[in-house]
Each structure stands twice: as C-alpha cells, then as structure tokens.
Amino acid sequence: MLSKTQIEEYNEIGAIVVPDVLSADEVQRLRGVTDGFVERARSVTTHNDIYDLEDSHTSENPRVRRIKTAHLHHSEYGRLMRHPKIIAVLRDLWGPDIRFDTAKLNLKSAGFGAPVEWHQDWAFYPHTNDDLAAVGVMFDDMELANGPLMIAPGSHRGPIFDHHADGVFCGAMDPANHDVDYAKAIALTGTAGSITVHHVRAVHGSAPNVSANDRRLLLFQFRAADAWPLLGFPGGIDAFKALMVSGEHREPRLQHVPVRLPLPPAKLQGSLYENQKGMKSRYFELPVAAHQPEAVK
C-alpha cells in the first residue's frame, strides 16, 4: 500500500495521508449510518456510553461531537478495523503482527464543530514501545476551514509534554508553555475515502469547523502486537489477545521511550473533550484565522 517515499514521510513528519483507501460506496454507507446516529441523538439529553454531545445539543437541533467505541455499535464501523487496505498500510509500517485497540468517531458539524486542543495520544495510553498509530477514515473532504487534523511535524521524535493542569491530568498541553511551534503545524487534508495515519507521540489538534461542510473522521487506534499497555488490561489478558487483527500475538518488546502517566486522572471523565475542560488556557479560543496551517495532501 505504501511507497518508500510515504514510509519516509511518516517517519520524518509523524503522519501521512493515504488517498482513495475506501470506495465511494463504502463512504456513502458510512455517512448514512452516521446520519442515523445523529438523528437518534434527539432523544438523548446527556453524555452516555454511545454519545458525547456538544454543549449546545438539543432535541430540536441534535449536535453530536463523538460516537464512542463506534466499532461496537454498528457493523459498518466495525468492519473497518480489519479493512484489508488499512491493515496493509500498518503492515508496511510495522510488519505483519497488528493489534487493534479502540475506535471513536469525531463529528465536526458545519459551522459549530468543536476543536480538539493540542495533545499527544501517548500521554493517554503509554505502552512498552511506541509502534502505535491512529488511523483516521475521512467520511468527508477535509479542508482547512472544516477543522482537519493538524500535526506538529517531527514532534513524534521529541519529548512527551505535560498534559496536566494544577497537577491533574487534563488531556492537553498548555499553549502558554510554547512546547512546540504551533505555527509550523501542517494540516492533513484530503478527499472522502482517504485515511490519515499519525504516530502516537505526534503533537496534534484541530480547529473548530467554521465552514458550511461537515467534517467526520472515524479514528482507529492500532499498535504492533508486541506493544503492551503500561496501565494494564481492563478486560483481562484474553480480551487483549482477542484484539489481534493481523499476524500473531507477541510478548512485550521493551523500548527506551519517554513516558508520562495520565495520573491523577482528569476531573471530568467520559471523553477527551470532557478531559480538556480542565485546561487553564486554550489555544483554539484565538481567532481561527490566526493559525491556519499550510495544507498538505
């Protein structure tokens, strides 16, 4: 699936866009399923095991910002965790032995979709090595105005930054610390059916959707089979083994990688969006035009 140039780009920048992974029919089915979830959210009044809602959500105007563990709630989402083209991309990066973790569908509806503040996924779930990545499946065209994923290039080779506020985990970096040069961030733009792949240590975030177009991105967390979570196995070791999607289960491989633990846990639980309400200052409260990155396809 990946050329030598794409693999080099991933290793250098910490992220890539792979175009045309899903067919137009696959994308259309996924959009239809997602529209159904949003419609059914009219009867939901607060966050639950499926929905994370925008603060402005009402029954008259349903506003969903995340469908949690989407792969568990509909087969159209679930089948993507073993999509042969997605698995082929990961095999090109890590080899044949791939383990799934979880998934979530982030929705940024036209004109109001919420931002995600700068963070590193590694701060949430460190492992014995860092052969982990998130794969984002684009349901819509990703453009600068509708809040695409943005990456600080090369940040996956640097330190793990503090994601705490007043000593408590909040799931985001304090922009006042100037940990990275956010002005140099690149946007992972592309057409519906493309995927993004970003390294677990890459600093990333996304601005609000200020466009007239939806921005829906289904994110899957994958890891090499020999990357084991430092915080343990919530479902037990047998459930962990059952998450294999390619190749064979492997014993843990220890690698010298920087680690910060997400402890004490965030005061607000339920999703990254709730975690980040514990921040003391926010980057994306600045005018959006002040930090529009260069687009990269």
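Select Val137 and Ile195: Ile195, in strand E11, is the bridge partner of Val137. Strands here are DSSP runs of E with at least two residues and helices are runs of H or I with at least four, numbered from the N terminus. The model is predicted: local features need pLDDT of at least 70 and side-chain atom pairs count only at pLDDT 80 or more, while totals for chains, interfaces and linings use all residues. Residues are numbered from 1 along each chain as its sequence is written, and side-chain values use heavy atoms, with hydrogens and water left out.

Extend the selection to strand E6 (residues 132–138), which runs antiparallel to E11 and is joined to E11 by five bridges; two strands pair if DSSP finds at least two bridges between them. Next, add strand E1 (residues 15–18), which pairs with E11 in the antiparallel sense over four bridges. Within E1, Val17 stands opposite Thr196 of E11.

Now colour E11 (residues 195–199) by accessibility. Five of its five residues are buried, that is, under 20% relative accessible area with a 1.4 Å probe and protein chains only, where exposed means over 50% and partly exposed lies in between. Ile195, Val197 and His199 are buried on one side, and Thr196 and His198 on the other.

From His199, move to the second largest pocket, whose lining includes His199, Arg201, Asp130 and Trp94. A pocket is an open set of points on a 1 Å grid over the protein atoms alone, where a 1.4 Å probe fits, with protein on both sides within 12 Å along at least five of seven lines; lining residues have an atom within 4 Å of a point. The space in this second pocket is about 170 Å³, a volume being the space filled by probe spheres set on grid points joined across faces, edges and corners. Helix H1 supplies the largest share of the lining, three residues.

Helix H4 (84–94) also gives two or more residues to this lining. Select Pro84, which lies in H4. Pro84 is exposed, at 62% relative accessible area. Its C-alpha atom is 9.7 Å from that of Ser246, 162 residues apart along the chain.

Finally, display the largest pocket, with a volume of about 1300 Å³. Of its 50 lining residues, Asp101, Thr102, Phe124, Tyr125 and Gln221 are the closest to the centre. Among the elements that give two or more residues are strand E13 (215–224) and helix H6 (272–275), but E4 gives the most, with six.
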